[in-house]
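Biologist: Hey, could you walk me through this one? I'd like to hear about the surface, the pockets and anything odd.

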Amino acid sequence: MTGWGRLSLRAQTALDRMAWGFGDFKRVLMERGAWPAATSIAITPGGARWSITGTRARQQAGSRKAASFLVPEADCLWGTLQLPDMPRHALASGVEEALWRVSPMPPEQIVAAWWAEPQAQGGWTVAWGMCRRSQLAQQLEQHGFAPDAPVYLLRQGRACPVRNVAWGKQQSQQRWMDWGGVALLLVVMAALALPALMPLVLKRQAVVRAVVHVGGLEPKAAPLRQKLDDLRQQAQLAEELRKNASTDLPLASVIEALSVAVPADTWLDRVEVNGNEIRITGLTANATELIGQLGRQPGLVDVRATGASVRDATLNKERFTFEMRWRSEGAKP
């Protein structure tokens, strides 16, 4: 067998074990009343009445009409056999073939019932029971049952069904009840989960409503957004103007300081102000003396010539270009 074949076989075996486990767990729940299941009233050859739910058999008092027949353990032959690993759906054929080998009577003269359990080391253990078909037919006729009535073989309080036509109908009915139980379980789980999920649902609805509301306001907010952008630009411009106003030089003070420092024989051709930087150009009789007078003014600092003074022979004066910085009040020299 190839590796893929072995892997497929292991997967099939694991699924069969899981299906058997779920089925056995459902049987336990049915027998304890925790899962919907039909209860059948069975009668023994001696007239005793038993209540059968799943495979659990209990003696029942009362006069309720019996719907099935229960063969006592003493009237049956019981045994066990081991089967190798095989798919769960092939168990019926495997057990039938094995019972033909171990039966002391021909197969057509017996009625058999069995149940199987998987083994940890692999394979299946099958517990089987059988009784005479002729004897069972007489007992069914004696108690007024049809030949295809439901029949159970009793062993140690466990009723094992004979797999005939009636058993197939019971299995079909149980499947419908299983679907109903699953639906009821889902409804109960939904009812229990609803209080926990309700805050999330309400929060989602609130988010959806908020998104719809914002989507409706978006076209209306477009003109307002444009106005807000304009206001923001105007605010930025006003802030820049405020900053510039706080740093602008007091021109009157600058002109006054220059008027005090510049002698009468000095002409100013140009005065440039850039921030707190001042640049002057003109003609004077003595540029060196002029730069000294400017430097003695309290509001003027860093007075310097940007180039050599050139004497104008026509006017007999020196052409100068000075740069200086205005010292605001409270600033360090």
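Biologist: Which residues make the nonpolar surface patch?

Modeller: Quick caveat before that: this is a predicted model, where local features need pLDDT of at least 70, side-chain atom pairs count only at pLDDT 80 or more, and totals for chains, interfaces and linings use all residues. Residues are numbered from 1 along each chain as its sequence is written, and side-chain values use heavy atoms, with hydrogens and water left out. Now the patch: L194, L197, M198, L200, V201 and L202 make it, and its area is about 520 Å². Patch residues have over 30% relative accessible area and no salt bridge, with nonpolar side chains (Val, Leu, Ile, Met, Phe, Trp, Tyr) joined within 5 Å and like charges within 9 Å. A salt bridge here is a Lys or Arg side-chain nitrogen within 4 Å of an Asp or Glu carboxyl oxygen, and areas come from Shrake-Rupley with a 1.4 Å probe, counting only the protein chains shown as cover for residues.

Biologist: Where does V201 lie?

Modeller: V201 is in helix α4, residues 165–247. Helices (H or I, at least four residues) and strands (E, at least two) are DSSP runs numbered from the N terminus.

Biologist: And how exposed is V201?

Modeller: Partly, at a relative accessible area of 37%. Buried means under 20%, exposed over 50%, and partly exposed is in between, with a 1.4 Å probe and protein chains only.

Biologist: OK, pockets. How much space lies in the largest pocket?

Modeller: About 1700 Å³. Its lining has 50 residues, and G23, K26, R27, W167 and Q171 are the closest to the centre. On a 1 Å grid over the protein atoms alone, a pocket is an open set of points with protein on both sides within 12 Å along at least five of seven lines; a cavity is a set where a 1.4 Å probe fits but cannot get out, and lining residues have an atom within 4 Å of a point. Points are joined across faces, edges and corners, and the volume is the space filled by probe spheres set on them.

Biologist: Which element gives the most to that largest pocket's lining?

Modeller: α4, with twelve residues. Elements supplying at least two also include α1 (3–31), α2 (91–102) and β6 (110–118).

Biologist: How does that lining divide by class?

Modeller: For the largest pocket, 27 nonpolar, twelve polar and eleven charged. Ala, Val, Leu, Ile, Met, Phe, Trp, Tyr, Cys and Pro count as nonpolar, Asp, Glu, Lys and Arg as charged, and the others, Gly among them, as polar.

Biologist: What lines the second largest pocket?

Modeller: That pocket has 25 lining residues, with I110, V111, A112, R133 and V162 nearest its centre. Its space is about 580 Å³, and α2 gives the most to the lining, six residues. The classes there are 18 nonpolar, two polar and five charged.

Biologist: How many cavities of 30 Å³ or more are there?

Modeller: One in the whole structure, with about 40 Å³ of space. V71, D75, C131, R132, Q135, L136 and Q139 line the cavity, and α3 contributes the largest share, three residues.

Biologist: Switching to backbone: what's the phi of D302?

Modeller: Positive, about 55°, although D302 is not a glycine. Most residues other than glycine have a negative phi. D302 sits in strand β12, residues 300–305, and is partly exposed at 44% relative accessible area.

Biologist: And where is N316 found?

Modeller: In the loop between β13 (310–312) and β14 (317–326). N316 also has a positive phi of about 55°, and is exposed, with a relative accessible area of 53%.
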